[in-house]
Amino acid sequence: MKFIISPAKSLDFETALPTSQYSEPLFLDQSKTINTTLAKKKPSDLGTLMHISDKLSQLNWQRNQDFKLPFTPDNARPAIYTFSGDVYQGIDVFSMSGKEVNALQDQLVILSGLYGVLNPLDLIQAYRLEMGTKLKISNTKNLYEFWSDDIANQILKDLELIKSNTILNLASNEYFNSVKSLEKSANIISPAFKDLSKGKYKIISFYAKKARGLMASWILRNKIQKEEDLINFNIGGYYFS
């Protein structure tokens, strides 16, 4: 089983790393192409494109200027230890053993607007680029079109390696749309984490994001291999219904 998650806007480049292990993103040539387009844009252009404040526009303009290949542990950091949003707080990789992190490396895929697909230990540099951003690159009108089938095809290759046909979708709709074509060739399970609010069960983004991370961590720690065992998830008040 492979499980996919979204990246996070919040990044951590300060906390000491518990490991020296790292890997390299598969699509760095494409990342360079994207960044070349981004680096030409002024801070005000980024603000308009991404709907962000002047302060964030300036920060991300600088990040685009600082993008540099090759990636090394001196100028980049493993993705799973860098993204620090709600999903990643749920995963809590800093509390995992080295063996569990290696298992995470084999099973988890992080979707990314800049990097396409990331394995947990793949090095990344600071960036902000959501998959839904309408960024024109070369002859493509947005990131979905730019990445085309590259992301989905890579995930299919990964599934072949582990001899599985099941994908647990723990990503947001924005990111899952980049691999929606996989519905034709893989068994995709997309759990919905709902909370009781005003007498009705509905998805509350803040809580649902953390729950996705909790499920990913639970799978690893309990060595869940069979999809039917997913119904045993019972953490943080969430249980199968």
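This is a short dialogue on how to read a few features of a predicted model.

Reader: Let's start with a helix. How many residues does α3 have, and what should they span?

Author: Helix α3 runs over residues 54–66, which is 13 residues. At 1.5 Å a residue the expected span is 18 Å, and the C-alpha atoms at its ends are 18 Å apart, so the two agree.

Reader: Okay, and which residues of α3 are buried?

Author: Here's the general idea first. An α-helix has 3.6 residues a turn, so residues three or four places apart point the same way. Now the case here: Ser-57, Asn-60, Arg-63 and Asn-64 are the buried residues of α3. Looking down the axis of α3, you find these buried residues within an arc of 125 degrees, so they line one face of the helix.

Reader: What do the buried residues of α3 pack against? And which residues are exposed on the other side?

Author: The packing partners of those buried residues are α1 (28–39) and α2 (43–50). On the other side of α3, Asp-54 and Lys-55 are exposed.

Reader: Let's move on to empty space. How many cavities of 30 Å³ or more does a search of the whole structure find?

Author: The general trick goes like this. Rolling a probe the size of a water molecule over the atoms shows where empty space is left. In this model, the search turns up one cavity of 30 Å³ or more, and the space in this largest cavity is about 30 Å³.

Reader: Which residues line the largest cavity?

Author: The lining is made up of Leu-26, Val-109, Val-117, Leu-118, Asn-119, Gln-154, Ile-155 and Asp-158. By class, that's five nonpolar, two polar and one charged. Both β4 (116–118) and α8 (150–161) supply at least two of the lining residues, and α8 gives the largest share, with three.

Reader: And the pockets? What is the volume of the largest one, and which residues lie nearest its centre?

Author: The largest pocket holds about 470 Å³ of space. It has 17 lining residues, and Ala-192, Phe-193, Tyr-239, Phe-240 and Ser-241 lie nearest the centre. Its lining has 13 nonpolar, two polar and two charged residues.

The second largest pocket has about 380 Å³. Of its 19 lining residues, Ser-6, Pro-7, Ala-8, Lys-9 and Lys-209 are the closest to the centre. Here the classes come out as eight nonpolar, four polar and seven charged. Three helices, α5 (86–91), α9 (173–176) and α10 (205–221), each supply at least two lining residues, and the largest share, three residues, is from α5.

Reader: Now the backbone. Which peptide bond is cis, the one from Leu-69 to Pro-70 or some other?

Author: In general, most residues other than glycine have a negative phi, and most peptide bonds are trans. The bond from Leu-69 to Pro-70 is cis, with omega near 0 degrees. Leu-69 sits in the loop between α3 and β2 (77–78), and Pro-70 lies in that loop too. With a relative accessibility of 30%, Leu-69 counts as partly exposed. Setting aside neighbours within four places in sequence, Leu-69 touches Leu-28 and Lys-32.

Reader: What about phi: where is Asp-92 found, and where is Lys-198?

Author: Asp-92 is in the loop between α5 and α6 (98–107), with a positive phi of about 55 degrees although it is not a glycine. Lys-198 is in the loop between β8 (195–197) and β9 (200–202), and its phi is positive too, near 55 degrees.

Reader: Are those two residues buried or exposed?

Author: Asp-92, at 36% relative accessibility, counts as partly exposed. Lys-198, at 83%, counts as exposed, since the cut-off for exposed is over 50%.

Notes. Residues are numbered from 1 along each chain as its sequence is written. This is a predicted model: local features need pLDDT of at least 70, side-chain atom pairs count only at pLDDT 80 or more; totals for chains, interfaces and linings use all residues. Side-chain values use heavy atoms; hydrogens and water are left out. On a 1 Å grid over the protein atoms alone, a cavity is a set of points where a 1.4 Å probe fits but cannot get out, and a pocket is an open set with protein on both sides within 12 Å along at least five of seven lines; lining residues have an atom within 4 Å of a point. Grid points are joined across faces, edges and corners, and a volume is the space filled by probe spheres set on the points. Helices (H or I, at least four residues) and strands (E, at least two) are DSSP runs, numbered from the N terminus. Ala, Val, Leu, Ile, Met, Phe, Trp, Tyr, Cys and Pro count as nonpolar, Asp, Glu, Lys and Arg as charged, and the others, Gly among them, as polar. The expected span of a helix is 1.5 Å times one less than its number of residues. Buried means under 20% relative accessible area, exposed over 50%, partly exposed in between (1.4 Å probe, protein chains only). The arc is that of the directions from the helix axis to the C-beta atoms. Contact means heavy atoms within 4.5 Å.
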